[in-house]
Amino acid sequence: MNALSKKFKILIVEDEEDMCETLSKILRDEGYNVVSANDAREAIAKVKEGGLGLIFMDIVLPDMNGVEAYKVIKKINPETTMVMITGYLSEHLLVKEAIREGAYSCLYKPFGMEEFLKVVKKIMPGEGK
Amino acid sequence: MVQSTALAMRKIKGFMQKTRELAKAEVKARIAPSLKKAEDALRENEAKYRTLLENLPQRVFLKNKDSVYMSCNENYARDLDVRPDEIVGKTDYDFFPRKLAERFRADDKNIMESGQIEDIEQSYIQSGKERFVHTIKTPIKEGNGNIVGVLGISWDITERKEMERHLIDAEKLATVGRLAAGIAHEINNPLASILLNAQMLAHTIKKEGRAAANTKAHVNTLEKVERAVHRCKRIVAGLLAFSRPSNLQLEPTNTNKVIEETLEDLEKQIKTRNVMVIKHFEKNLPIIMADGQQLGEVFSNLIMNACEAMPKGGQLRILTGFQTPDTRTSGEAMRAAGEIIKIEFSDTGKGIPEEALSRIFDPFFTTKGRGKGVGLGLSISYGIIKEHGGVIEASSQEGKGAAFIIRIPAKGLDSL
C-alpha cells in the first residue's frame with residue numbers, strides 16, 4: 001500500500017449529488033486526489049482511464065447496482081480496492097454479496113467523517129496531508 | 001258310512017301332516033342352504049364395508065331424518081369418547097354443547113330440505129385448544145327419492161389451518177420487514193449527508209477560526225444539511241399518508257377537468273422535458289363522487305413519472321372513457337357501480353423492466369435514481385384509487401413505454 005503515491009486518485013460513485021460533493025470535499029480538504037461518478041456507467045469509464053487507488057461505491061445506483069458494477073470493474077482491474085457505501089443494513093443480500101466478491105469493507109450510512117477518513121488512511125497511508 | 005268318512009278324514013289329515021313334514025324337510029334341505037348363503041354374503045358384505053369404513057382416516061356418521069345417530073365409524077366414536085354401537089339412538093345434544101348441537105341440527109335440516117350436498121367448515125374448542133373440522137354432509141335418499149337421513153364425512157383440518165395462519169403471519173412479517181428496511185435505507189441517506197456536513201463544518205470552523213471562515217462554502221454546506229432534512233421530512237410525510245385513515249372529501253367531480261387542472265399545474269415541467277400531451281377525453285364522461293384534490297395527486301404522480309421516463313421528450317397520451325360493469329369486473333364496488341370510468345396514461349418512455357412491474361406499487365420501490373424519487377408516489381396513488389373503490393394497473397414493454405389504467409366506479413360510492 002505504501003507504494004501508492006499521491007498520483008493515485010480516489011473515485012466516489014454516488015448518485016446523490018449532495019452526498020457525492022460532500023464526500024469529495026472531505027477528501028480534498030484532507031489533501032486527496034478525488035474524482036467522482038453519479039452512476040455505474042460513468043464509474044466504469046473512470047476505471048478504464050486508470051490511476052485509481054481506491055473506489056467508494058454506493059450500492060444503489062440508477063443504472064445497475066454497485067455490486068454488479070464492482071464485478072465489471074474487477075474484470076477491468078482485478079487489483080481494485082473497493083469500499084461499498086450503503087444505507088442498507090449489514091444483513092442485506094447485496095452487502096453480503098459485495099463482501100464475498102472481495103470488497104475491502106462496507107461503510108453504513110449514516111457514517112461519520114472520522115470513520116470515513118479512517119478507512120481512507122488505512123488503505124492509502126501517506127497519501128493525504 | 002260315518003266310520004268310513006271319519007277314517008277318510010284321518011287319512012287325509014295324516015296325509016297332509018306328512019305332506020307338511022315333507023315340505024318342511026324339503027325347505028330345510030333346499031332353501032336353508034341358500035338362505036344361509038345369503039346371510040353369509042350379507043355378513044361378508046357388511047364386514048367388507050365395515051373394514052372400508054374403519055380404515056378411512058375420516059370420521060363417518062349416519063343420522064336418520066330426525067338427526068338421531070344410526071351408525072358411525074371408530075374414528076368418529078373415538079372423538080366423541082364412546083363405542084360405535086353406543087351412538088345408536090343418541091343425538092348431537094348428547095355429545096356437544098347446546099349451541100353447537102343446534103348448529104349441527106340446523107345444518108342437517110337444511111341439507112334434508114334442499115337435497116343438496118354441503119361443505120361445512122367449523123371450529124370448536126377441545127381441551128382448551130381451537131380445532132377446525134371440515135365436514136361434507138350428504139342427504140340419503142330411498143329408492144323412491146325420499147330423503148331419510150344424512151351421511152356425514154368429516155376430517156380435522158386444524159394442522160392445515162395452523163399452517164395457513166403461520167404463512168400469513170410470515171408474509172405479514174416479511175412485508176413489515178421490507179417496509180422497515182426501505183424506511184431505514186431512505187432515511188439513512190439524508191442522515192449521512194446531515195452528519196457528514198455538520199461534522200465537516202464544525203471541523204473547518206475549529207481549524208480555521210472565525211476570522212478565516214469561508215462564508216460561501218459554509219453556506220453551501222448548511223444548504224446541503226437543509227436539503228437532507230427536507231428529504232427526511234418528505235419521507236415522513238409520505239409514510240404518514242399511509243397511516244392516515246380514509247379522509248376523502250367526496251364531491252361530484254368532473255375527471256376531465258381534474259386532469260386539465262393537473263396538466264396546467266405541471267405545464268412548466270412538461271414543456272422543459274419536451275413532452276407532447278395528446279388528450280382523448282370522453283365528452284360525456286359521467287360525473288363521479290370523488291376527492292378531486294387526491295385524484296389530482298394521482299394524476300400528477302403519473303404525469304411526472306411519464307415525463308421522467310422520457311428525458312429526451314416523447315408523447316404522453318391521456319384517454320378517458322367509461323363502460324358498464326359486467327360479471328367479469330373485479331371488485332365489489334365496481335360491479336355494483338352503474339358505470340365505470342376509465343383513465344389511461346400511456347407514454348413513449350423507456351418503459352418499466354418486467355421484474356420491476358410487479359413491485360411498482362410497493363412503498364420505497366423506485367426505478368429512478370436516488371434523490372430523484374422517494375418511491376412513494378405510486379404506492380400513495382394506489383391507496384387513493386383503492387379508497388375510491390377503484391383499481392390502478394400498470395403495463396409496460398421495456399423500451400416501448402408504459403401505460404397506467406385507472407378504473408373508478410361512477411356510482412355506488414355510498415356502499416364504500
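At the start of helix H6 of chain B, a side-chain oxygen of Asn254(B) comes to within 3.1 Å of the backbone nitrogen of Asn256(B), a value that, like the others in this report, is computed from a predicted model. Helix H6(B) itself spans residues 255-265, and its buried residues are Thr255(B), Asn256(B), Val258(B), Ile259(B), Thr262(B) and Leu263(B). Because these residues cover an arc of only 160 degrees around the axis, they lie on the same side of H6(B). The face turned away from that buried side carries Lys257(B), Glu264(B) and Asp265(B), which are exposed. Asn256(B) thus appears twice in this description, as the residue whose backbone nitrogen is approached by the side chain of Asn254(B) and as one of the buried residues of the helix.

**A strand of chain B with two antiparallel partners**

Strand E10 of chain B, residues 340-347, has 7 of its 8 residues buried, and it is therefore largely enclosed by the rest of the structure. One of its partners is strand E9(B), residues 314-323, with which E10(B) pairs in the antiparallel sense over 8 bridges. Within this pairing, Phe322(B) has Ile341(B) as its bridge partner in E10(B). Strand E12(B), residues 402-409, is joined to E10(B) by 7 bridges, and these two strands also run antiparallel. Here Ile340(B) stands opposite Pro409(B) of E12(B). In general, the strands of a sheet pair through backbone hydrogen bonds, either parallel or antiparallel.

**Backbone geometry in the loops**

Two residues of chain B that are not glycine have a positive phi, and the table sets out their values and places.

| Residue | Phi | Loop | Relative accessibility |
|---|---|---|---|
| Ser67(B) | about 60 degrees | between strand E1 (59-64) and strand E2 (69-72) of chain B | 4%, buried |
| Asp81(B) | near 65 degrees | between helix H2 (74-80) and helix H3 (98-114) of chain B | 72%, exposed |

What is the burial state of Ser67(B), buried or exposed? Ser67(B) counts as buried because its relative accessibility is 4%, which is under the 20% limit for that class. Asp81(B), with a relative accessible area of 72%, is exposed, since the exposed class begins over 50%.

In chain A, the backbone feature to note is a cis peptide bond between Lys109(A) and Pro110(A), where omega is about 0 degrees. Pro110(A) is found in the loop that runs between strand E5 and helix H5 (113-123) of chain A.

**The parallel sheet of chain A**

Chain A contains 5 helices and 5 strands, and from the N terminus on its elements run β-α-β-α-β-α-β-α-β-α. The 5 strands form an open sheet with parallel pairing, in the order E2-E1-E3-E4-E5. Strand E2 (34-37) and strand E5 (105-108) of chain A stand at the edges with a single partner strand each, so one side of each is left without a neighbour in the sheet. From one strand to the next, the twist averages 20 degrees.

Strand E1(A), residues 9-13, pairs with E2(A) in the parallel sense over 4 bridges, and Ile10(A) has Val34(A) as its bridge partner in E2(A). Helix H1 of chain A, residues 17-29, lies across E1, E2 and strand E4 (82-86) of the chain, and it runs at about 170 degrees to E2(A).

At the other edge of the sheet, Tyr108(A) has its place in strand E5 of chain A, and with a relative accessible area of 29% this residue is partly exposed. The C-alpha atoms of Tyr108(A) and Thr86(A) are separated by 5.2 Å, although the two residues are 22 residues apart along the chain. Leaving aside neighbours within four places in sequence, Tyr108(A) is in contact with Thr86(A), Tyr88(A), Leu89(A), Ser90(A) and Val95(A).

Some totals complete the description of chain A. Of its 129 residues, 55% count as buried, while the chain exposes about 5900 Å², of which carbon and sulfur atoms supply 51%. Among contacts in chain A with a separation of 6 or more, residues 24 or more positions apart account for 65%.

Methods
Residues numbered from 1 in each chain as written. Chains lettered and ligands numbered in written order. Predicted model: local features only at pLDDT ≥ 70, side-chain atom pairs only at ≥ 80, totals over all residues. Heavy atoms only, no water. Buried < 20%, exposed > 50% of the residue type's maximum accessible area, 1.4 Å probe, protein only. Pairing = 2+ DSSP bridges. Axes fitted to C-alpha atoms, helices over the stretch in contact; angles between N-to-C directions. Contact = heavy atoms within 4.5 Å. Arc of directions from axis to C-beta. Polar contact = N/O pair within 3.5 Å; in protein donor to acceptor, adjacent residues only side chain to side chain. Areas by Shrake-Rupley, 256 points an atom, 1.4 Å probe, with all protein chains shown as cover.
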